[in-house]
Amino acid sequence: MPFNKLFAYLGDNAAQIDAAEYETKLRASDPRLLQNDETIVFAFKGRGGKGRDHNIFTNKRVLIRDKRGATGKRIRYVSVPYKSIRAFSVETAGTVDADQELKIYARGIGRVSIDFVCDVDVLGIHRFLSELVIRGKGEGMESYGAVAHDSSVNVNNGRTDFLDIMGSNYSQISDAEIESKLKGHVLLGDEKVEMGFQCGRDSFVLTNKRVLKIDVQGVTGKKIEYLTILWSAIKGYSVETAGNIIDRDSELTLYFNLPDNHSYAEGFPRNSLTRMKIDFREGKADLFSVQKYVADKLIGMDTVPVSMYGSSMEGHVDSGSGSFLAWLGDDNRMIDAVEADRKFHTDPPLLQNCETVEMAFRGRRDMILFTGKRIVVVDIQGFLGMGKKVEYLTIPWKTVSAFSVRSAGSWVDKDSEMCLWLDFDDVFNPRRSNEDDPPPPPIPRWSWIEFDFQKDKVDVMVIHRYLSERCMRTNHNLKPYNSLVSNDLLAPSPPETMTNLMDWIGNNASAIDAAAVDEQFHESGILQDDEHVAFAFKTGRDSLYLTTKRLFLIDAQGITGKRKEYMSVPLDMIRVWSVESAGHFDRDMELQVWFKGFWSNSVKQDLRKGKADIVSVQSFIAHFVIGSADGSTALKCAQSMQNAGAMDTFLSYVSNDAYLQDPVAVTNTLRTSPSLLQADESVEAAFKCGRDTFIISTKRIIIIDKKGVTGKSVAYKSYPLMYNKAFWVETEGHLLDGSEVKVYTDDESIHQKFSHGQNDNVWSTYEILSTKMLLENHPGNGEEDIEFNGDLDPVTGAVATGSIIFPQPATFQVQLPPNVYPGMQVQVPHPQTGRMLTVTVPQGVLPGGTMNVCV
């Protein structure tokens, strides 16, 4: 209809075009845009097919070709790999609102929206994304034994009361009924509905592959949104029982790690998709069956029948708070873990049969449980805790990115504390109390949590040792849940242990002998048995240590310095790091790391000049973060890089745009002065921007930033390619407009402008980023260690052949004897075949330390 075409043009709604024909044209006009084995499955053109922009779905990624400027010569190519997508939704056409919409939530880049004309099969796009995004990598763990509903629950067959609809209360419905409605046009062929709930026209569906929220909109209900969330994007959950009289609804809350565009509006979360709350009407859903089901998905299946539980902290007598101030401050004290274990296996049936409570704490009325699989926070609500309403929050150990413990201080602050950094964005922007006040700072909510302990009831160093066992990883894997933490590690520390250690550290200069620290830390129980100190530094009252497993900081706080924080950042949680040399006036060097998280997720430490080798520190971090990453070249033709002309080089220097450097020369420089690159790492592309340099190596992006008037202070910042999630390149326009590239990471974006005349070099940069982001698979590059391997039918987009494969580890760690040094060869057995391998110890690995062996 003419009006529909007009609305499509004005609304910039995309119309479908022939994919094969467009691929032929695209390969002719932009020959380096698609990879050789990349196929366009769907193609769409903006403004109802009359525009100049295109949205492309290949077998590897979503590509957006966006012509910019009046002439359209400047083109931006946005690349979103399917493996970076955490959720997606499609919205069908309504009666009045005739356009359709696709929303993609991808890590780093956030939300990407595409509007379609009304005759596009958006459910076909939904099925296509389901095949590529979900199958083989986004599925949750199987949940055999999770009960969909029991005989005491009233299954309503889709009927909900008026009050339930007004209160958005869901009722459990038949799995088979909702599966039959969704099969074929929404669900995958082998996808099974395991739990289903309905509220009026809306549905909340839990399948063996995803969480599906169906929102029926408008008066007629013709417009429907289907929101898919991968199980791997869910980082925690809580269930809340029904209360008394008025509040009789129970609740399920899912905490997501979904990327979205940030909001700074007061009274709203920073991320609109930070959590999802589902209300259940009392008697119409079995809350603890839902809890058990989600637990099986997030923390692993319940694998054993009811058994005898462990004896960690058994017999610990709860003598009460013993202090009015502790009661008033809601400080936690230790209680009998075995008694807590028995209680929460039966009343309520919260824990899995294979799960054991290893430590338990009680505050004024609430409780904290440490099990082999998770942290459980029990929040008893109502006046003085006398109400029926109780919230049970689950935080899987894999969600903890970093942790710290604080000892008690002097005078007023007499409690000790534990802090956890979690891997989901729950930051909230509170409202100001008065209009004239400045906006209040954001609060972390569950992105960062703090628990208070009574200092005479809880030994925080026991907490530190326990968290080290549960949160530190070996080969990117946590300690098995059925491997209980040793009772020896949970034994109280001698009263003088930490005092003696801090006295020893305080008597040393700014650089501390790593071997001596290693000995002291093991005597004090700070480190794990197989963990060793590689670097040790002291600045004022604070100190920093790099071990073979973590970045460890001791921060003396308060006037007296009696209060100390012991913070641990596992090395495989580091996402970006930077080292900075000393300048003329600033005599200190600097180390800064950014770790996985969403609240205060960086650590910065000054290091005294002449007392620290920052290049060795950089190489040590690189060894653990990117040591096993693929170091092969991503360029098909290394000679394709072209130098800019003399005039372009001069203009780029004036405008501070980047111009090309010889990659071979930069590689040679960074192998010697400073020795920044790894042995199997080389520079693919390097661009000079004033005094600074933008480098893409085979493993990372490096920004070299010269600071100060003299430029003597130089910062080297590294972004591992395996943690980069999406990117775009923009070709140059008319006159002096140069090209650009932007790379998205989980923490921040990297944006670089290039000088005019370097379009070919930008395409080489595009080729490097495409190859690394689309093909690289590393055991530490995300939540999923499973990839889908299959070919797509270029016409239908259906999976023609392929299977879900579970790749074997490409690397494993080896503990070296104390008398083996870098350059020496050792023989180690293959972990699966037992075959002896001869390997050379690389530089930077200390005697008695650990090294990664590639197989």
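Student: How many bridges join strand 3 to strand 4?
Tutor: Keep in mind that we're looking at a predicted model. Strand 3 covers residues 54-58 and strand 4 covers residues 61-68, and the two run antiparallel. Strands of a sheet pair through backbone hydrogen bonds, either parallel or antiparallel. For this pair, the number of bridges is four.

Student: Which residue in strand 4 stands opposite Ile56?
Tutor: Start from the pairing: strand 3 holds residues 54-58, and strand 4 is its antiparallel partner. Look across from Ile56 into strand 4, and the residue you find there is Leu63.

Student: In what order do the eight strands of the open sheet come?
Tutor: Strands 3 and 4 are part of a sheet whose pairing is antiparallel. Going across that open sheet, the order is 1-2-3-4-5-39-40-41.

Student: And which strands stand at the edges?
Tutor: Look for strands with a single partner, because one side of each is then left without a neighbour in the sheet. That fits residues 15-17 and residues 749-753. The edge strands are strand 1 and strand 41.

Student: By how many degrees are neighbouring strands of this sheet turned against each other on average?
Tutor: Direction is ignored here, so an antiparallel pair isn't penalised for running opposite ways; angles otherwise run from 0 to 180 degrees between N-to-C directions. The average comes out at 20 degrees.

Student: What angle does the direction of helix 2 make with that of strand 2?
Tutor: Helix 2, residues 19-29, packs on the sheet and touches strand 1, strand 2, strand 3 and strand 4. Strand 2 spans 40-45. Between the directions of helix 2 and strand 2, the angle is about 85 degrees.

Student: Is Tyr9 buried, partly exposed or exposed?
Tutor: Tyr9 sits in helix 1, residues 2-10. Together with Leu6, Phe7 and Leu10, Tyr9 forms a nonpolar patch on the surface, with about 430 Å² of accessible area between them. Buried would need under 20% relative accessible area and exposed over 50%. Tyr9 has 39% relative accessibility, so the label is partly exposed.

Student: Where is the proline of the cis peptide bond from Asp347 to Pro348?
Tutor: Most residues other than glycine have a negative phi, and most peptide bonds are trans. The bond joining Asp347 and Pro348 is cis, with omega about 5 degrees. As for Pro348, the place to look is the loop between helix 8 (337-346) and strand 19 (357-362).

Student: Which proline has a cis bond from Ser673?
Tutor: Omega for this bond is near 0 degrees. The proline lies in the loop between helix 14 (663-670) and strand 35 (683-689). The residue joined to Ser673 is Pro674.

Student: What is the phi of Arg445?
Tutor: Arg445 is in the loop between strand 25 (428-429) and strand 26 (448-454). With 27% relative accessibility, Arg445 counts as partly exposed. Arg445 is not a glycine, yet phi is positive, at about 50 degrees.

Student: How many Å apart are Thr560 and Gly409 in space?
Tutor: Thr560 lies in the loop between strand 29 (550-557) and strand 30 (563-570). Along the sequence, Thr560 and Gly409 are 151 residues apart. In space, C-alpha to C-alpha, the distance is 8.4 Å.

Technical notes: Residues numbered from 1 in each chain as written. Predicted model: local features only at pLDDT ≥ 70, side-chain atom pairs only at ≥ 80, totals over all residues. Heavy atoms only, no water. Patch = residues over 30% accessible without salt bridge, like charges linked within 9 Å, V, L, I, M, F, W, Y side chains within 5 Å. Areas by Shrake-Rupley, 256 points an atom, 1.4 Å probe, with all protein chains shown as cover. Salt bridge = Lys/Arg side-chain N within 4 Å of Asp/Glu carboxyl O. Buried < 20%, exposed > 50% of the residue type's maximum accessible area, 1.4 Å probe, protein only. Pairing = 2+ DSSP bridges. Contact = heavy atoms within 4.5 Å.
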